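Me: Could you walk me through this one? I'd like to go over helices, the sheet and the chain contact.

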Amino acid sequence: MKTTKAPAVSFTGAVKTFGEVRAVDGLDLEIGAGETVALLGRNGAGKSTAIALLLGLDEPDEGHVELFGTAPQTAVLAGRVGAMLQEGRAVPRVTVAELVGFVAGRYPEPMAVPEALRLAGIEELAGRRVDKLSGGQTQRVRFALALAGNPALIVLDEPTAALDVEARHAFWASMRAYAQRGHTVLFSTHYLEEADANADRIVMIDHGRVVADGSGEELRRAGGGSLVCFDLAGRGTEGLALLPGVTTVEVRGDRARLRTEDSDATVMALAAMDAVRNLEVSPASLDDAFMALTADPRDLERV
Amino acid sequence: MWDYLRLEVKRTLRDMRFVLGTVAMPVLMYLLFTNLGTDDGTWKTASMVGMAAYGALGAAMNTAGGVAEDRAIGWLRQLRITPMTPRQGVTARALTGAVTVLPAIAAVMLAGGLVNGVRMDAWKWPVIAVLLWLGSLPFTMLGLGNGYRMTSQAMGGVNMLSYLGLAVLGGLWFPVQLFPEWLQHVSAFTPTNRFAQIGRSVADGHAPSLVALGVLTGWLLVFGSYAVVSYRKAARTI
């Protein structure tokens, strides 16, 4: 079978426009079976549109989207995909076990309902009505619906939006337990820490295309090495952008923040300028990397 | 598909608003309307069929509320990413509407037989029930179409209007004979009027007229197409 070799997910030059907006704009992405991948981007970066294309809920205007080497609808009808969509709310007048059992029953090789509930951490809610649950509990019911069919790929669109910290931790523990069974997991988020802590691989998207792809560590490096901060003590910022290694300059209050590819050279140059006041050198955070990688190129030229 | 049908029927019957509005209400109205004025056996029978039809109409139109709600909360979208085909989904939805019509018909006919002492040949009871059930199909289709076409808010108004308008105009609440003559002619072309008529003709002991069946079949085609078009349009955005 050729399909067993095919990647779980593949986007090839996918484009989706809504009127003037190019929500997905030439997206190329391949996800292998068994990977846990975070789709990271700010609101409006095209994450949800990409997921809609992936699930066959929408069709690309250009390019191709395939799941397991077939059209998304084919993969969905074959029961290879489970998903937790962003805007879902509680389904009224059914119990948790009824709802999860119903969805599981659509799939060719589903999980037993108690197992799905256990994985989602909601065993004790089996007999409760879905519309009587708290927000966090509802979210986990929707997670149970995504995995109930025991699909090879699950897709989670901003699964922890609107969850409190504790519920969020519990949710990710459930998700990792599912991923450990060898399933492919793709989730979208705009929380960097979540992507870093829960995915093997982070795909950053911005303006509908991939801007970076790699582990958290790789992205931190790609996002511009380190950060050198010091007090300006009244002096201007002219010339700072031209110092060796510096890629961007940012001023907060009286403090300059230089992003640099070579912190040693930058610090030496600052010392030569007699500008070392309260100097601090730190590795760029994923946040910084994200800002550097998704910033509009025109923004970088303003300094 | 059958699992989905079972799930949706369960959900509908657990809806207190549905049970009160389409089962309890018609029974109450029937008992009220037939026991207020002079005691007349024929009116009790005619009104029983009329109110059973009215209840069936309400239950059929209720399909709209269910569909619009499921669309608003994202449940229909969630179903689209299960291996159930859209065709199975929409068919089961239509069948749900058809099944949930039965309690309404049964409740009013039971009230007629047990409370109001309506007496008919034994064979007429099941025949009337089945005819009313089949006759409610056009309205299920209308409800389905409204549900797929409109948002919850807009749907509530439009659906209520179709529901009450068709019920009153068709003579389910008051006998058509009370209408001015021109309105009686309009009434003859409403699906509701013909719907009640097929039940009444059996109660009176003759077969339903071909004209009545023809008018109803026509409306079934009209509302059925409306449902299909609405569904197709909605499917992209669900």
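Reply: Sure, starting with a helix on the sheet. Helix H5 (residues 135–147) of chain A lies across S5 and strand S6 (153–157) of chain A, at about 170° to S5(A). Residues are numbered from 1 along each chain as its sequence is written, while chains are lettered from A and ligands numbered from 1 in the order in which they are written. This is a predicted model, where local features need pLDDT of at least 70, side-chain atom pairs count only at pLDDT 80 or more, and totals for chains, interfaces and linings use all residues.

Me: At what angle does helix H10 of chain A run to S8(A)?
Reply: Helices (H or I, at least four residues) and strands (E, at least two) are DSSP runs, numbered from the N terminus. Axes are lines fitted to C-alpha atoms, for helices over the stretch in contact, and angles run from 0 to 180 degrees between N-to-C directions. H10 (residues 286–294) lies across S8 and S9 of chain A, and its angle to S8(A) is about 40°.

Me: Which are the edge strands of the open sheet in chain A?
Reply: Two strands pair if DSSP finds at least two bridges between them. The six-strand order is S5-S6-S7-S3-S8-S9, with mixed pairing. Pairing on one side only marks the edges: S5 (81–84) and S9 (209–214) of chain A.

Me: Which residue in S8(A) is the bridge partner of A:Ala38?
Reply: S3 (residues 36–40) and S8 (residues 201–206) of chain A run parallel, joined by four bridges. The partner of A:Ala38 is A:Ile202.

Me: Which helix gives the most to the side of chain B that touches chain A?
Reply: Contact (C-beta atoms, placed from the backbone, within 7 Å) takes 16 residues from chain B and 22 residues from chain A. Helices H1 (2–13) and H4 (75–80) of chain B each supply at least two residues of chain B's side. With four residues, the top contributor is H4(B).

Definitions and conventions:
Contact = placed C-beta atoms within 7 Å.
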